[in-house]
Amino acid sequence: MSQRTERRGIHVDQSDLLCKKGCGYYGNAAWQGLCSKCWREEYQRVRQKQIQDDWALAEKLQREEEAAYASSHGVQTQSHAQSTPPHPGHASLGPFSKFEEKKTNEKTRKVTTVKKFFSPSSRSAPKKETQEGKTTSPSISRHASFETDQVSRDFVDFLKNLQKPGREIHKQCRAFIVNMSSKKDLSAEELSECVQDFYQGMADRLMSHFKGSSDSVEQVMDQVEKYIMTRLYKSVFCPETTDDEKKDLATQNRIRALHWVTIQMLCVSMDEEIPEVSENVVKAITDIIEMDSKRVPRDKLACITRCSKHIFSAIRITKNEPASADDFLPALIYIVLKANPPRLQSNIQYITRFCNPSRLMTGEDGYYFTNLCCAAAFIEKLDAQSLNLSPEEFERYMSGQASPRLNSSEGDWAQTGSALSVTATNPVLAQLNHNLELLSGLSSKQEKLMEAAQSLQADLLSWPESVEREVHDILEKYPLEILSCTVSAIDANNVDNDNLPPPLTPQVFAG
Amino acid sequence: MGENLPRVPGGAQLHSDTLHGPVRTLRVKMVILGSSGVGKSSLALRFVRDEFKNPSPTVGCAYLTRVVHLSDVTLRFEIWDTAGQEKYHSVTPLYYRGAHAALVVYDISKRETFVRAQVWLKELEKQYIPGSTVMCLVGNKGDLDQERQISVQEGQALASDRSLFFTETSVLSGDQISELLLGIAHRVYECIGGQQGGLSEWKETPLIDLHHRDTFTPFASCCKVGP
């Protein structure tokens, strides 16, 4: 029994399958372990909270704005409270403060009406209340990410300069965002239409407000786009209703399968052996990859433009003349193939849907974006002919049976010549070969070193032996003889003793 | 090179002053099509070369701008160069989406470029919305008269068949370049400038804000031209 369970490899406790809320129905991993009913409730609750939080934030911002407005116009009194900058923590508020705020707002309204009777300035009244309201609401930073907060703050700061119309713009934007968050089931095209209609409507209103000063309209529209798209990014980038994700994967795999495409096959006039050129190529690749990390369509476009400028520099350095589109497009294709930018199709779709369309049709950014679209379309359709290869060769490379780089070593194919030149000119391969040579040189040196070390070790080991042996030999050769010690007179050894006159002996003289 | 630009009967003149008068500045997107090697980018460079204030010193000549002053309006041409290699033919429609003017260029000394030009024209006609794009056929390399393979009449006939603007130019000598640009400017203004929202206004924002410089007024925008 237990063996069978083991063979299956899966053992799930009955309780794990049930809804986590304990309602008795089965749950589903896709719904975080909840059953469909509980999940829906939970989802609704979270969404409701999100909407509420959005409102709370919006209200907060609105009040800050009013305060700013009042402080710039409140000529009469209360100069002491004006200079308070918006507290950073106030940017977003939890649901508790929302309740608090509602109360405060009611109070504000009441007090304002009452005050109106007494105060000569109806402007200063709401301002004071706003200041009070601020102190009552706890500053809790919640769901909103840092980035979103930052953008909201920037937006409010920007609108402050516009005074009254600024508030109007803000009101509309936040109403639009709330409106959009309730429309998540719409298709991407419909979402795009909503956003574009909003842009258009906003621009028209701004136009009539600023009496045709398109500078100001443009500036405001940029800010509006930045604010709205940062807030909506998560729900409208690569939405589930589209097959963008599938396309992303397809493109990614396609580019991966095309890893063998060389700069020569695309006829790109960039010489990567020139350090400056390869530096620009690297920068271009970095920029195009960076695009995915931006939220605002305009920032994404800016990445594409920077990437393109680097490519232009690279071509310019290589050819020493300004690059034309004939050079540029192949180079961009090459960069895209090398970079394999994440979520390329989604990004293109996102920009197309939510960028101000005029920016895509005309202008420099629009030109480079169009080129990127061309590059993506070309890569999708790329075939043997577009690389100047025979269909068989193309097939072989695509299926991984052959690689243009390996050709040179195998040497049995017709294209060996070109493949050889590929190896010769490809700086990466050259570098690789160089490194390999260095490595083999190093390893042979190391071997020699090891040999020397070993012989040294052997020497060291044998040295004490030999010393010992030598000592032994010597000891044998010259055995230690201890001569018997003979005691002799001091002059025993004196050879000349015989010649000496006899010692004087005492003589007795008779006398 | 430094030749004085001719006065044109229309009373307009190309000149290089950068002062903004009371006249409006409208944006015109002009696409240059043609096989590679017919001199598209050189033509584009020619268009902008004699302009005094060249916004970007030529790192690339794929995207260039040129301001043309007409009597009552200023047109800011945004010149889009396209890749002419045949293998990119399938993706080029992306370029001329929303273009106000399209120049189809061929080399008078190379028959195949003329054939290709006809393909471009056919392609353009598919996308063509009457009154939205001014098309123009240009026979380039007029200085190679000895090696000419396409006669002026032939080019003219092709153009008048489709009621296009036709001219022969020489990028090398600068012959007919300013006339061509002025001709296009007049036609664009006549055909499209009158339409509501046909051309959008260009406002030069202060140069400090480099990023905003190439952005665009959002009011009279989008999708009103081109498919």
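**Notebook: salt bridges, a chain contact and a hairpin**

I began with B:Asp145, which is partly exposed at 46% relative accessibility. My classes are buried for under 20% relative accessible area, exposed for over 50%, and partly exposed in between (1.4 Å probe, protein chains only). I am working on a predicted model, where local features need pLDDT of at least 70, side-chain atom pairs count only at pLDDT 80 or more, and totals for chains, interfaces and linings use all residues; side-chain values use heavy atoms, with hydrogens and water left out. Residues are numbered from 1 along each chain as its sequence is written, while chains are lettered from A and ligands numbered from 1 in the order in which they are written.

**Entry 1. Salt bridges**

I took a salt bridge to be a side-chain nitrogen of Lys or Arg within 4 Å of a carboxyl oxygen of Asp or Glu. The search of the whole structure gave 26 over all chains.

B:Asp145 pairs with B:Arg148, the closest N and O atoms lying 2.8 Å apart. B:Arg148 is partly exposed, at 25%.

Next I looked up B:Glu154, which bridges to B:Arg111 with closest N and O atoms 2.7 Å apart. B:Glu154 sits in helix 4 (residues 152–161) of chain B and B:Arg111 in helix 3 (residues 111–127) of chain B, so the bridge ties parts that are 43 residues apart in sequence. Helices (H or I, at least four residues) and strands (E, at least two) are DSSP runs, numbered from the N terminus. I found B:Glu154 partly exposed at 30%. B:Arg111 is partly exposed at 33%.

In chain A, I noted A:Arg306 and A:Glu290, bridged at 3.5 Å between closest N and O atoms. A:Arg306 is in helix 13 of chain A and A:Glu290 in helix 12 (residues 275–290) of chain A; the pair is 16 residues apart and links distant parts of the chain. Both are partly exposed: A:Arg306 has 36%, A:Glu290 27%. The two belong to a salt-bridge network with A:Asp287 and A:Lys294.

**Entry 2. Chain A against chain B**

How many residues does each chain give to the contact? I read 48 from chain A and 41 from chain B, with contact meaning heavy atoms within 4.5 Å. The buried area is about 3900 Å², and carbon and sulfur atoms give 61% of it. That is accessible area (1.4 Å probe) lost by the two parts on being put together, summed over both.

I found one salt bridge across this interface. It joins the side chains of A:Asp326 and B:Lys40 at 3.6 Å, N to O. Among the elements giving two or more residues to the chain A side are helix 14 (325–339) and helix 17 (363–381) of chain A. Helix 17 of chain A gives the largest share, 13 residues.

**Entry 3. A hairpin in chain B**

Strand 2 (residues 63–69) of chain B has six of its seven residues buried, so the rest of the structure largely encloses it. I see strand 2 of chain B paired antiparallel with strand 3 (residues 73–81) of chain B over seven bridges; strands pair if DSSP finds at least two bridges between them. The two form a hairpin with three residues between them. B:Val67 stands opposite B:Arg76.

I also checked B:Val73 in strand 3 of chain B. B:Val73 is buried, at 0%. B:Leu26 is 47 residues from B:Val73 in sequence, but the C-alpha atoms are 7.6 Å apart.
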